[in-house]
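Q: I have a model open and want to learn how to read it. Can you take me through it feature by feature?

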Amino acid sequence: MRVLAKRASRAASVALALAMAAVPALVLGQPAGAAPAPGLDPGATAEAWAAGRAAYGADVTEHQAIVAYWTPERMRAARPVEESPAYRQAVRQYVESGQTARRTAPDRGARLTIPPAAGELGTPGSGPVPAALNPNFAANHPTARTSGKVFFTMGGGNFVCSGTVINSEGQDTVWTAGHCTHPGGPGGALATNWSFVPAFDDDLANPRPFGTWTAARLIPAPGWTASSNFGEDMAVAIMNTLNGQHIVTRLGGQGLDVNRGMNVAINAFGYPAEAPFDGGNLLRCSGNSQPESPGATQTVRIPCDMTRGSSGGGWLLNWDGNFGFLYGVNSRIDRIVGPTVMMSPFFDNTALNLYNQTRNL
């Protein structure tokens, strides 16, 4: 049964935030030198802890350590994750295995539509654009502030991706690609120093207009961590609060939809970091989705020339110029130089299960 999509009012968003007030707050970090937290805590590297102690003293938190680590110089030097050896190997294996044309029967049984949340800020309008262009959103535009650039360390290197704030009961979720949190396949370790910068824009005097948010948990879809399955190349980051605020309460969140079909109109967003783009601005592609190849049921494609660095950016269904419903994430491009196609995992029950697993965190 479909839940009708509707824009959450500020009052509704605040009411939900108040209802969540009884839930214990997420711990922002741990004292310098303490053992990493168990489970899915991405943690901070030794270099980050050292930067944090230099900036904040011996009682630095993990959140402070990660913020201190991501200096403007490190942010500029971070590379698109698509350049990493693990990602390139995962793409090669996936394509050579023939999984892009897999004809497994789709599961269309479950339905869920999560409405967007407006957050504390206003909602100016915007019109559609036909290709990967810079919409020049102001920082407080709803799509800009619920989109952001992701910075993290994985396999000894510093990388960038893109992500989207999504409405949920926990008010702390950012969705991205699985490969922006984990190299994929058995034996891989979660990314560390994971941070999200909403409305990142290097044309501004302050390219971090809403600060740097750090992750308390990273939760990739199980098919990604098990076998680098690009049909499940999606992940959720549970963000720490910042100055006592949940990210959705502060900035709003896009909605989420699943099992809506493979042929729909999509607006895709991200931070492409290679020519003709420089990774400093949010870009948008618009197009109609279709199966990646004839008979494919796990991955979809749209025409788009966004380059590497855009991984993890949100595909929005029924985007009204401000809010829409997450219905995919940038996962792969058809070629490195002069790409023309962007792929995403199809948001079926895998996305539904991931949302249900994380919605209250």
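Q: How much of the protein chain is buried?
A: This is a predicted model. Buried residues make up 58% of the 361 residues in the protein chain. Buried here means under 20% relative accessible area.

Q: And what does the accessible surface come to?
A: For the protein chain, about 13700 Å². Carbon and sulfur atoms account for 56% of that surface.

Q: What secondary structure should I look for?
A: The protein chain has nine helices and 17 strands.

Q: How do I read the contacts along the sequence?
A: Start with contacts between residues at least 6 apart in sequence. In the protein chain, 72% of these join residues at least 24 apart.

Q: Which residues have the most contacts inside the largest nonpolar core?
A: A nonpolar core is a set of buried residues such as Leu, Phe and Trp, joined through side-chain atoms within 4.5 Å. The largest one here has 78 residues. Those with the most contacts inside it are F152, W175, W194, M239, I247 and F347. Strand 4, residues 157-166, gives the most to this core, with five residues. Another core lies apart from it. That one has five residues, including Y87, A90, Y94 and F230.

Q: Which residues of helix 5 are buried?
A: Y87, A90 and Y94. Y87, A90 and Y94 also belong to the five-residue core.

Q: Why do the buried residues of helix 5 line one face?
A: Look down the axis of helix 5. Its buried residues fall within an arc of 60°, so they line one face of the helix. On the other side of helix 5, P85 and E96 are exposed.

Q: What do the buried residues of helix 5 pack against?
A: Three elements appear in turn: helix 7 (222-227), strand 13 (299-303) and strand 16 (332-333).

Q: How far does helix 5 reach from its first C-alpha to its last?
A: Compare the span with the expected rise of 1.5 Å a residue. Helix 5 covers residues 85-96, which is 12 residues. It reaches 16 Å, close to the 16 Å expected.

Q: How do I read backbone geometry?
A: Most residues other than glycine have a negative phi, and most peptide bonds are trans. Look for departures from that.

Q: Which residues does the cis peptide bond join?
A: A275 and P276, with omega about 10°. P276 sits in the loop between strand 10 (265-270) and strand 11 (283-288).

Q: Where is Q171, and what is its phi?
A: Q171 is in the loop between strand 4 and strand 5 (173-176). Its phi is near 65°, a positive value in a residue other than glycine.

Q: Is Q171 buried or exposed?
A: Q171 has 1% relative accessibility, so it counts as buried.

Q: What is the phi of S228?
A: S228 has a positive phi of about 55°, although it is not a glycine. S228 lies in the loop between helix 7 and strand 8 (235-239). At 8% relative accessibility, S228 counts as buried.

Q: How many aromatic pairs are in the whole structure?
A: A pair of aromatic rings is described by the distance of the centres and the angle of the planes. A search of the whole structure finds 10 aromatic pairs. One of them joins F152 and F159: 6.2 Å centre to centre, with 40° between the planes. That pair is tilted. Both F152 and F159 are buried.

Q: Which residues do ring pairs link into a cluster?
A: Y69, W70, F151, F200 and Y271.

Terms used:
Residues numbered from 1 in each chain as written. Predicted model: local features only at pLDDT ≥ 70, side-chain atom pairs only at ≥ 80, totals over all residues. Heavy atoms only, no water. Buried < 20%, exposed > 50% of the residue type's maximum accessible area, 1.4 Å probe, protein only. Helix = DSSP H or I, 4+ residues; strand = E, 2+ residues; numbered from the N terminus. Contact = heavy atoms within 4.5 Å. Areas by Shrake-Rupley, 256 points an atom, 1.4 Å probe, with all protein chains shown as cover. Expected span 1.5 Å × (residues − 1). Arc of directions from axis to C-beta. Phe/Tyr/Trp six-rings, centres within 6.5 Å; stacked < 30°, edge-to-face > 60°.
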